[in-house]
Amino acid sequence: MDTSMASGNPSFDDLQNKGEAIDHPQNEDTMDCESLNISSQAAVKPNGTVSSSVRELLECPVCCNSMYPPILQCLNGHTLCSGCKPKVDNRCPTCRHELGNIRCLALEKLAASLELPCKYQSFGCNGIYPYYSKPKHEYQCSYRPYGCPYAGSECTVIGDIPHLVAHLKDDHKVDMHNGCTFNHRYVKSNPHEVENATWMLTVFSCFGQYFCLHFEAFHIGLAPVYIAFLRFMGDNNEAKNYSYSLEVGGNGRKLIWQGVPRSIRDSHRKVRDSFDGLIIQRNMALFFSGGDRKELKLRVTGRIWKEQ
Ligand SMILES: [Zn+2]
Ligand SMILES: [Zn+2]
Ligand SMILES: [Zn+2]
Ligand SMILES: [Zn+2]
């Protein structure tokens, strides 16, 4: 007990000195008045939005995210989000004093009075929301960026649709086609290597929109199959306005699929694993391919149309 106190003392003094140097008690009153005046003038602009200095107050110094109740503070008044408290070993990350369990109700109430623009403002959202309901809006904001629809790689690019179309074309070298009908050949010299990334993506542009046609090999249980499906580059409520059909066949047989494109908000894997597309058993695919069944040669034809 004694030894730990003794070894703890010097650093405790150090910290306290630093703390005093920062807070400077003599200047406290005037400093506070000044900063209050500045913030009351600058903080809330006439349109109800808030300057960056107030927003910075609500930013956790550890994770840099916006803080939500319970917001914690140390004995010196430095704040911290409750999610980061377990990470800092009960020490204030700013002054290193013991953190304790003090809640900063004043800041929580200040936050409740704030209205801030949606974080996707730069993507075109003009919405302004109360601080505490902003995350709920942002979770479903229609301007939130889309993830890259390219499957088969761990691409982390996000953006709006024009950005992603350019990205698919330039960075993934994806085939681009104009028009609402298509006739596409999939050739694969070793169709038995299902694991070997037999997926392809083609982008179609029609009705002023973009659609992703996916084709890939996977297994349903132990059975090797191919799937082809269409995803809409936009939100689900718009995707519903379109339909598409896919046809594949050979030797007098034919498989036809008619579906509704899924939004690229639904991941490629999610659509595939719900079998929401044209599924071709590998045996059938090889039969359609003709020849000696050693090569996959599928001709997939399709059409996209607008409902109503
Ligand atoms: Zn945090
Ligand atoms: Zn502190
Ligand atoms: Zn928004
Ligand atoms: Zn990408």
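These questions and answers walk through a predicted model of one chain.

Student: How many helices and strands are there in the chain?
Tutor: Start with the overall counts. Of the 308 residues in the chain, 22% are buried. Among contacts between residues at least 6 apart in sequence, 50% join residues at least 24 apart. The chain has nine helices and 17 strands.

Student: Which residues does UniProt list for "domain: RING-type"?
Tutor: The listing comes from an unreviewed UniProt entry. In the model, the span is 0% helix and 16% strand, and its end C-alpha atoms lie 15 Å apart. UniProt gives the range as residues 60-96.

Student: In what order do the strands of the three-strand open sheet stand?
Tutor: Take the edges of this antiparallel sheet. They are strand 2 (79-81) and strand 3 (102-103), and each pairs on one side only. Strand 1 (residues 71-73) joins strand 3 through two bridges. The order is 2-1-3.

Student: Which residue in strand 3 stands opposite Leu72?
Tutor: Strand 1 and strand 3 run antiparallel, with two bridges between them. Opposite Leu72, in strand 3, is Arg103.

Student: How many of the ten residues of strand 12 are buried?
Tutor: Look at the partners of strand 12 (residues 223-232). Strand 11 (residues 209-220) pairs with strand 12 in the antiparallel sense over ten bridges. Strand 16 (residues 278-281) is also antiparallel to strand 12, with four bridges. Strand 12 is mostly covered, and its buried count is seven.

Student: Which strand pairs with strand 12 in the parallel sense over two bridges?
Tutor: Set aside strand 11 and strand 16, whose pairings with strand 12 are antiparallel. A parallel pairing of two bridges remains to be placed. Here Arg231 has Arg262 as its bridge partner. The strand is strand 15 (residues 262-263).

Student: What is the phi of Gly221 in the turn between strand 11 and strand 12?
Tutor: Strand 11 and strand 12 form a hairpin with two residues between them. Phe211 and Phe232 are bridge partners in this pairing. In the turn, Gly221 has a positive phi of about 65°.

Student: Why does Leu213 count as buried?
Tutor: Leu213 is in strand 11. Beyond four places in sequence, Leu213 touches Thr202, Phe204, Ala228 and Leu230. Burial takes 20 or more other C-beta atoms within 10 Å. Leu213 counts as buried because its C-beta neighbours inside 10 Å number 24.

Student: How far apart in space are Leu213 and Leu230, C-alpha to C-alpha?
Tutor: In sequence, the two are 17 residues apart. They are also in contact. The C-alpha to C-alpha distance is 4.5 Å.

Student: Which residues have the most contacts inside the largest nonpolar core?
Tutor: That core has 37 residues. Elements giving two or more residues to it include helix 6 (161-171), strand 10 (199-206) and helix 9. One of the residues asked for touches Phe204, Leu230 and Ile304, among others. The names are Phe211, Ala228 and Leu278.

Student: How many residues are in the second, separate core?
Tutor: Its members include Leu58, Cys60, Cys74 and Cys81. The count is 15.

Student: Why is one side of strand 9 and of strand 14 left without a neighbour in the sheet?
Tutor: Four strands form an open antiparallel sheet in the order 9-17-13-14. The twist averages 20° from one strand to the next. Strand 9 (181-188) and strand 14 (253-259) are at the edges, so each has a single partner strand.

Student: Which residue in strand 14 stands opposite Glu247?
Tutor: Strand 13 (residues 242-250) joins strand 14 through seven bridges, and the two run antiparallel. Opposite Glu247 is Ile256.

Student: At what angle does helix 9 run to strand 17?
Tutor: Helix 9 (residues 282-289) lies across strand 13 and strand 17 (296-306). Its buried residues are covered by elements including strand 12, strand 13, strand 16 and strand 17. The angle to strand 17 is about 100°.

Student: Which residues of helix 9 are buried?
Tutor: Just after helix 9, Gly290 takes a positive phi of about 70°. Within the helix, the buried residues are Ala285, Leu286, Phe288 and Ser289. They fall within an arc of 160° seen down the axis, so they line one face of helix 9. The names, again, are Ala285, Leu286, Phe288 and Ser289.

Conventions:
Residues numbered from 1 in each chain as written. Chains lettered and ligands numbered in written order. Predicted model: local features only at pLDDT ≥ 70, side-chain atom pairs only at ≥ 80, totals over all residues. UniProt positions renumbered as here; feature names shortened; annotations may be inferred. Buried ≥ 20, exposed ≤ 12 C-beta atoms within 10 Å, placed from the backbone. Contact = placed C-beta atoms within 7 Å. Pairing = 2+ DSSP bridges. Axes fitted to C-alpha atoms, helices over the stretch in contact; angles between N-to-C directions. Arc of directions from axis to C-beta. Core = buried A, V, L, I, M, F, W, Y, C linked by C-beta atoms within 7 Å.
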